[in-house]
Structures are given as C-alpha cells and as structure tokens.
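Dear colleague,

I am passing on the structure we spoke about, and I would be grateful if you could look through it with the notes below beside you.

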Amino acid sequence: MAAVQILPGIYSVGVADWNVRNFHGHTYTTLRGTTYNSYLIIDEKITLIDTVLGPFAKELIENIREVIEPEKIDYIIANHVETDHSGALPEIIRLCPKAKVFGTAKCKEGLYKHYYGDWEFQVVKTGDKLELGKRSLSFIEAPMIHWPDSMFTYCPQEALLLPNDAFGQHFASLGLFDDRVEQCALMDEAKKYYANILWPLGPVILRKIQEVQKLNIPIKIIAPSHGVIWRKEPEKIISSYLSWAKGEVENKMVIVYETMWGATDKMARQIAEGIKAAGVDVRLYDIAKSDRTEVITEMLSAKGFVFGSSTHDNDMLPNMAAFLEIVKGLKPTGRKISFFGSYGWAGGAIKEMQERLISSGAELVKEGLSFKYVPNEAELEDCFNFGKKSAGS
Ligand code: FEO
C-alpha cells in the first residue's frame, strides 16, 4: 500500500497484511487478511495517528516518506497499546526522538511495559484538546473497547473520527474506502470482527456510542485501524454496532456439534428439522470441520444455540471443548442454549458442556437429550420434538 490522501492534508500511510490467517493467538481466522492503518496529518504540527505491526515498520516509514521526512513528525497519537498498532513505534521514535507521544494513562503504562522506552509522553483524558495549527484533535477515552488503554481521537475540522479497533474489519484491500469494496464482504468482515472480538463488551460499547452521540459532534468519516474507511455511510456501521451491542437477533438458531461415529450427527439433523418445523431458520455446523470464527459470526445474530457432542471418556469431544471455551468468553447473554449427544455405555458430555458454560451468562436448558449408540426411529422423533422445543414452540 502506498500513501493515499484521504482528506486535504491527511494521508493513509498504513500497510496491508494480505496473508495473515490467524490473529489474537489463533483465536481468530483472518481469511481475507487485514490492514494495519496509520494516518498522517500535515499541519503546523506533523502528527502520526497510530503505527503498524513491528515487521511492517519499514513499509510504514516508506509510506510516510512519500509525504514528508519522518524526522519531521512532532506528535504521535497512540490510541491503543496492542502491538498491531504500536509495534513500529520504537522505530518511528528512533527517527524522530523529539516527537511527543499522546495517549491515556493506561496507554503510557502499557507502552512502557512493552518497549521500555524513555519517550516523551503526554497523558490525555476525555475532552482534552491538541492544537495542530489549522486543525485540532480531541480525545475520548474508550476503556475496554477493547483494552483498558483504548482511546478514540476526533478531528472536528474534518468531522473525522479515528476510533482505532472500533468499527474495524480484518479485510485487506486496496479499495481503502467503504464505497470501493464489495459490500457483502465488507459487512461480513465487520460483523465477524464484532462477534469474535467485541461481543462480550456489548454494554460498554453501547454506553460509549451513546456518550459520543450526546456530544453532538458531526461524524462524516470513520477511519479505523483495520480495514476500510467508512466515508459513504458511517452511520451504517454505527447502527450495526448499536444493534449488535443491544443483542438484537434474527429468528434463527445455530446448532454446533461434534460426532465420533455419526450418531450425534444424525441427532443434529433431526433437531434441525424440528427447529425448521417451528418456523425458525437454522444453521448447522460440525465444529470438527468448520471455521470457529465463521461459526461465532453466525451465532451473533442467532436467538439461541443447540450444542451437541458424543461422549468420550465421560466428557465432550476435544474440538467441542475448545469451541465452548471461546463461547464462554463471549458471554452470550440473552441466548438460550440446549444440549444433546449420543453415548456408548456412560454419558457425560452434556453435563460437561453445561458446566463449561455455567459462567457464560447464557440461559442453559438443564434437560439435555441423549441416547445410547445410534438413535432409532422413536428416538429420532424425540430429536425432532427436542428441536421444536429448543426453538420455543
Ligand atoms: Fe486491539 Fe487491532 O488491536
């Protein structure tokens, strides 16, 4: 990616990571790659907003050099400590050692604990203003969206919001703007990002958006730190975030299961028929064959889930166990979850799945459905009825 002017005197200088396929320690698959966005403001004070992942520092510096000598940077705004946005910071500060870094108190603490640099740092709080010349920047602390240090930066003269991770997407493209990329892919990646990273933070996100709305500041452009810039319809992503944060769902249920020899798979298919008969849309995933990130994205807009596993060593199967460990952390409050599975001589999977999710905040249905070995006709009928009941009919 080269430097691109996104507004008069404001440049995108970030980089594309086309081939990254895992993020956050393999908890998130990034099948469309990602970008690490950084923005350069040319004014009386030259200001860089965020940097990029460490190995891309050279490319960031080349992009900045297309516009101005990096040594001329006066200010660096660090909206977030995480290394995908701060990794190149030591290299940038090496080029302009007099540059002053701005961020929250938690950001100062976090950057020091990552890089141990003796940098000039000014702590900022919500409402603080930084004059750049013709333009100014103001800051809005955004703790836990999604780290304690997170912050939004706003430029009133351009009605430009720079919210770092919020409203981002792991979506590598050269389109740069929302109106230059395929819309279904864009919204799919935005939803995936929310579901897999921000889902448990819904109440915090809701309060922060409402707080920003009360400020009554115009927002014409949202430039996040991953993916494309929202300039055509910034209100579209804001209203999507509001809907997701409120837990709004569709008339849809998701079945996720793992099967050893096919009996639990048979049960899953009959349960799906029952859900469909109840007039509810249903999606079905064998988690041993499915991408966890995609499944969680589907679950975000579902009103309930049905989880199944064969019993193995008195427990659930291992892919299901790993999946439920992630689901527990997502805290899917407001969703109803039912459980099922086949066993050989002693059950155990249903109890273990329920216990795994006890602290998830979801409503767990105690009476699970289990059968010995392969379900017969009558038992398949029970599966059908269990599906209908799980769907609420
Ligand atoms: Fe929280 Fe994109 O890092």
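What follows goes from the chain as a whole to its cores, its pockets and a few points in the backbone.

Please keep in mind throughout that this is a predicted model, and that everything below was computed from it.

To begin with the overall picture, the chain holds twelve helices and 22 strands, and its C-alpha trace spans about 80 × 40 × 35 Å along the principal axes. Of the 393 residues in the chain, 57% are buried. When contacts between residues at least 6 apart in sequence are taken together, 72% of them join residues that are at least 24 apart.

The largest nonpolar core has 93 residues, and the members that touch the most others are Ile 73, Phe 167, Tyr 241, Met 299, Phe 307 and Phe 323. Helix H5 contributes the most to this core, with nine residues, while domain 1 (4-246) and domain 2 (253-390) each give at least three residues to it. If you would like one residue to start from, Phe 307 may serve: leaving aside residues up to four places away in sequence, Phe 307 touches a list of residues that includes Val 256, Met 299, Met 320, Phe 323, Leu 324, Phe 339, Met 353 and Leu 357. Apart from the largest core there is another one, of 23 residues, with Ile 49, Ile 77, Ile 221 and Ile 229 among them.

Turning to the pockets, the largest has a volume of about 370 Å³. It is lined by 18 residues, of which Met 260, Thr 311, Tyr 343, Gly 344 and Trp 345 are the closest to its centre. Two elements, helix H8 (263-277) and strand E20 (336-343), give two or more residues to this lining, and the largest share, three residues, comes from H8. By class, the lining of the largest pocket divides into eight nonpolar, eight polar and two charged residues.

The second largest pocket holds about 230 Å³ of space, and among its 13 lining residues His 24, Thr 27, His 146, Asn 196 and Ile 197 are the closest to the centre. Helix H5 (183-198) and helix H10 (318-330) each supply at least two residues of this lining, which also draws at least three residues from each of domain 1 (4-246) and domain 2 (253-390). The residues that line the second largest pocket comprise eight nonpolar, four polar and one charged.

Some backbone details deserve a careful look. Most residues other than glycine have a negative phi, and most peptide bonds are trans. Here the peptide bond from Ile 145 to His 146 is cis, with omega near 10°; His 146 sits in the loop between strand E13 (136-141) and strand E14 (151-155), and this residue is one of those closest to the centre of the second largest pocket.

Two residues that are not glycine have a positive phi. Tyr 116, with a phi of about 55°, is found in the loop between helix H4 (105-115) and strand E11 (121-123), and Tyr 116 is partly exposed, at a relative accessible area of 48%. Asn 314, with a phi of about 60°, lies in the loop between strand E19 (304-309) and H10, and Asn 314 likewise counts as partly exposed, at 47% relative accessibility.

With best wishes

Terms used:
Residues are numbered from 1 along each chain as its sequence is written. This is a predicted model: local features need pLDDT of at least 70, side-chain atom pairs count only at pLDDT 80 or more; totals for chains, interfaces and linings use all residues. Side-chain values use heavy atoms; hydrogens and water are left out. On a 1 Å grid over the protein atoms alone, a cavity is a set of points where a 1.4 Å probe fits but cannot get out, and a pocket is an open set with protein on both sides within 12 Å along at least five of seven lines; lining residues have an atom within 4 Å of a point. Grid points are joined across faces, edges and corners, and a volume is the space filled by probe spheres set on the points. Helices (H or I, at least four residues) and strands (E, at least two) are DSSP runs, numbered from the N terminus. Ala, Val, Leu, Ile, Met, Phe, Trp, Tyr, Cys and Pro count as nonpolar, Asp, Glu, Lys and Arg as charged, and the others, Gly among them, as polar. Domain bounds come from an automatic or database domain assignment. A nonpolar core is a set of buried Ala, Val, Leu, Ile, Met, Phe, Trp, Tyr and Cys residues joined through side-chain atoms within 4.5 Å. Buried means under 20% relative accessible area, exposed over 50%, partly exposed in between (1.4 Å probe, protein chains only). Contact means heavy atoms within 4.5 Å.
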